[in-house]
Amino acid sequence: MFVDIMKKKTLEGTKLAPKDREIKANIPELTYNGKPQPVDPYLTMTNNEGGLIVEYRKKGDNLFTNNVPINAGTYEYVAKLKSTDEWLETSAHGAVSYTHL
């Protein structure tokens with residue numbers, strides 16, 4: 001009998017432990033253009049299983065939202081990948097500046 005080991009993640013009732021993963025950011029200073037400029041294109045990650053969620057807040061504000069900044073200024077972000085059966089949850093955070101020309 002053939003068993004596809006890529007699809008079957010348990011063996012005799014034993015579940016494999018979730019693996020670590022990471023998110024890395026390499027975000028340049030961005031130029032304000034009045035349009036949303038998400039940080040997603042500047043993030044690299046082990047994989048995006050579980051779904052990538054990025055939230056922002058203007059530096060000094062309290063609440064993060066999923067609204068991508070459209071105004072000039074410095075913003076803080078948090079990027080999160082939810083856990084799955086195979087992968088652990090992970091996150092990365094930092095700041096990004098949108099400057100006038």
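Which side chain makes a polar contact with the side chain of Trp87? I began my notebook with that puzzle, and the partner I found is the side chain of Glu49, at 3.4 Å. A reminder to myself before going on: this is a predicted model.

**Entry 1: around Trp87**

I looked up where Trp87 sits, and found it in the loop between strand 7 and strand 8. Is Trp87 buried or exposed? Its relative accessible area is 11%, and the cut-off for buried is under 20%, so Trp87 counts as buried. I then listed what touches Trp87, leaving aside residues up to four places away in sequence: Pro18, Lys19, Asp20, Arg21, Thr46, Asn47 and Glu49. I also checked Ala17, which is 70 residues from Trp87 along the chain; their C-alpha atoms are separated by 8.4 Å.

**Entry 2: the whole chain**

Next I stepped back to see the overall make-up. I counted 8 strands and 0 helices in the protein chain, so my sketch of the pattern along the sequence reads β-β-β-β-β-β-β-β. Of the 101 residues, 20% are buried. I noted that the chain exposes about 7400 Å², with carbon and sulfur atoms supplying 51% of that area. Among contacts with a separation of 6 or more, 53% are between residues 24 or more positions apart.

**Entry 3: an open sheet**

In what order do the strands of the open sheet lie? I traced 4 strands in the order 4-8-7-6, with mixed pairing. Strand 4 (30-31) and strand 6 are the edges, each pairing on one side only. I followed strand 4 to its partner, strand 8: the two run parallel and are joined by 2 bridges. Here Leu30 stands opposite Tyr98, which belongs to strand 8.

**Entry 4: the largest nonpolar core**

I met Tyr98 again when I turned to the largest nonpolar core, which has 13 residues. Tyr98 is one of the members that touch the most other members, together with Ile23, Val39, Leu43, Val54 and Val96. Which elements give two or more residues to this core? I wrote down strand 6 (52-58), strand 7 (73-81) and strand 8 (90-99). The largest share, 4 residues, comes from strand 7.

I picked Leu43 for a closer look. Not counting residues up to four places away in sequence, Leu43 touches Ile23, Lys24, Ala25, Leu52, Val54 and Ala79.

**Entry 5: salt bridges**

How many salt bridges does the structure hold? I found 4, and I looked up three pairs, given here one by one.

Lys24, a residue I had just seen touching Leu43, meets Glu22 through their side chains in a salt bridge, 3.5 Å from N to O. Both partners are partly exposed: Lys24 has a relative accessible area of 48%, and Glu22 has 42%.

The side chains of Lys80 and Glu55 also meet in a salt bridge, again 3.5 Å from N to O. Why did I mark this pair as a tie between parts of the chain? Lys80 lies in strand 7 and Glu55 in strand 6, so the pair ties together parts that are 25 residues apart in sequence. Lys80 is partly exposed, at 33% relative accessible area.

Finally, I looked up Glu76 and Arg57, which form a salt bridge with their closest N and O atoms 2.7 Å apart. This pair links distant parts of the chain, with Glu76 in strand 7 and Arg57 in strand 6, 19 residues apart. Arg57 is partly exposed, with a relative accessible area of 21%.

Definitions and conventions: Residues are numbered from 1 along each chain as its sequence is written. This is a predicted model: local features need pLDDT of at least 70, side-chain atom pairs count only at pLDDT 80 or more; totals for chains, interfaces and linings use all residues. Side-chain values use heavy atoms; hydrogens and water are left out. A nonpolar core is a set of buried Ala, Val, Leu, Ile, Met, Phe, Trp, Tyr and Cys residues joined through side-chain atoms within 4.5 Å. Buried means under 20% relative accessible area, exposed over 50%, partly exposed in between (1.4 Å probe, protein chains only). Contact means heavy atoms within 4.5 Å. Two strands pair if DSSP finds at least two bridges between them. A polar contact is a pair of N or O atoms within 3.5 Å; within protein, one must be able to donate a hydrogen and the other to accept it, and residues adjacent in sequence count only if both atoms are side-chain atoms. Accessible areas come from the Shrake-Rupley method with a 1.4 Å probe; for residues, only the protein chains shown count as cover.
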